[in-house]
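Biologist: I'd like to learn how to read the inside of a protein model. Could you walk me through it?

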Amino acid sequence: MQVIENYSDTKYDNSRPAVVRTHNLSKKFKKAVAVNNVELQVEAGDVFGLLGPNGAGKTTLIRMLLGLITPSSGRVEVFGFDPVGQRAQVLRRVAAIVEAPALYPGLTGRDNLRAMAMVAGVNNPRKIEEVLEKIHLVERANDKYASYSLGMKQRLCLAAALLTDPQLIILDEPTNGLDPAGMAEIRQLIKELVEQGRTVFLSSHLLNEVQQVCNRVAVIQRGQVIVQGLVSELLGGKKAIQLKLQPDEWGKACFLLQQNGFANQIRMNGEYLLVQGVTNAGSEINRLLATNGIFAAEISPKVQSLEEYYLELTNGQVEPALVESAGGSK
């Protein structure tokens, strides 16, 4: 496994202020190290995904960002403030859903929001209607919370988080347990939150979900961040062309491609031959193979997925939860 301990090569957009910074952040519980020397930077306008299997340290890290637990060493800055020593300054700007809030099953969605508004000190009744509109629950606002689907319950939790008009929203496993329709709803809401000028920090063990919604990610494994950066940059250099050939043609095709400078690395990907490091040479490759009596059934571009990147990064030693979730089993 490649563990990146020095983040000096990580590229940040310094024109955007940092919303979250951690410096050598660690947390130990007795002899167990839950978070180990983590360096993170979340910029304004990011949808930042903290990606890792269950038990990797994601929730512990989030709790330190919120000041709910004190680091064993290192420090956290949220909008430049210490969440433990300057909690009021942080909480004015941040909302979080770490675990499902204890909403009242017998109350309507609207009445639940009224109760949450009272607790949060929000005295503007119009604010409740605004957040119901933002999370698209106006038509069901007078239905009891107990009648809501999981996706609707998650949306109502997001509405409660928006009551204080936060600049940063922290979500711990926001799509966990949802069906595909519920996941799509939450993805769309997250995109809308960013369009409104907010920053979203979310944790997930669902590789496919993270790739669809996040612009920047950090991969955490056994408490250590092993890589972080823009999704476009992490995957941008992983483009390839995939060829569908007869199995008895693979050896000859590999020889021809390497001899003619089309690939430094060729590997099998299911029923496809994956030619890495090339993207716009499909017609040239087709001509080369056809000239030598090999006729591909399919030639198409292939961009590496976040799942494939993760497997490559960890030498295939991926936790079962990540494989199942990314592979389509929710």
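Biologist: How many cavities of 30 Å³ or more are there?

Modeller: First, the ground rules: this is a predicted model, where local features need pLDDT of at least 70, side-chain atom pairs count only at pLDDT 80 or more, and totals for chains, interfaces and linings use all residues. Residues are numbered from 1 along each chain as its sequence is written, and side-chain values use heavy atoms, with hydrogens and water left out. A cavity is a set of points, on a 1 Å grid over the protein atoms alone, where a 1.4 Å probe fits but cannot get out. Points are joined across faces, edges and corners, and a volume is the space filled by probe spheres set on them. Here the count is 2 cavities of 30 Å³ or more, and the largest has a volume of about 50 Å³.

Biologist: Which residues line the largest cavity?

Modeller: Lining residues have an atom within 4 Å of a point. For the largest cavity these are Pro 174, Thr 175, Arg 187, Leu 202, Ser 204, Glu 209, Val 210 and Val 213. Helix 7 gives the largest share, 3 residues; strand 7 (199-204) also supplies at least two. Helices (H or I, at least four residues) and strands (E, at least two) are DSSP runs, numbered from the N terminus.

Biologist: And what about the nonpolar core: which residues have the most contacts inside the largest one?

Modeller: A nonpolar core is a set of buried Ala, Val, Leu, Ile, Met, Phe, Trp, Tyr and Cys residues joined through side-chain atoms within 4.5 Å, where buried means under 20% relative accessible area with a 1.4 Å probe, protein chains only. The largest core holds 51 residues, and Leu 113, Ile 135, Leu 158, Leu 171, Ile 190 and Leu 202 have the most contacts inside it. Helix 5 (residues 150-162) gives the most to this core, 8 residues. Another core, of 27 residues, lies apart from it, with Phe 48 and Val 98 among them.

Biologist: Let's zoom in. Is Leu 189 buried or exposed?

Modeller: Buried, because its relative accessible area is 5%. Leu 189 is found in helix 6 (residues 180-195). Contact means heavy atoms within 4.5 Å; leaving aside neighbours within four places in sequence, Leu 189 touches Lys 134, Ile 135, His 136, Arg 155 and Leu 158. Leu 189 and Leu 158 are 31 residues apart in sequence, yet 8.9 Å apart in space, C-alpha to C-alpha.

Biologist: How much of the whole protein is buried?

Modeller: Buried residues make up 48% of its 330 residues.

Terms used. 1 Å grid on protein atoms, 1.4 Å probe; cavity = no way out; pocket = protein on both sides within 12 Å on 5 of 7 lines; lining within 4 Å. Buried < 20%, exposed > 50% of the residue type's maximum accessible area, 1.4 Å probe, protein only.
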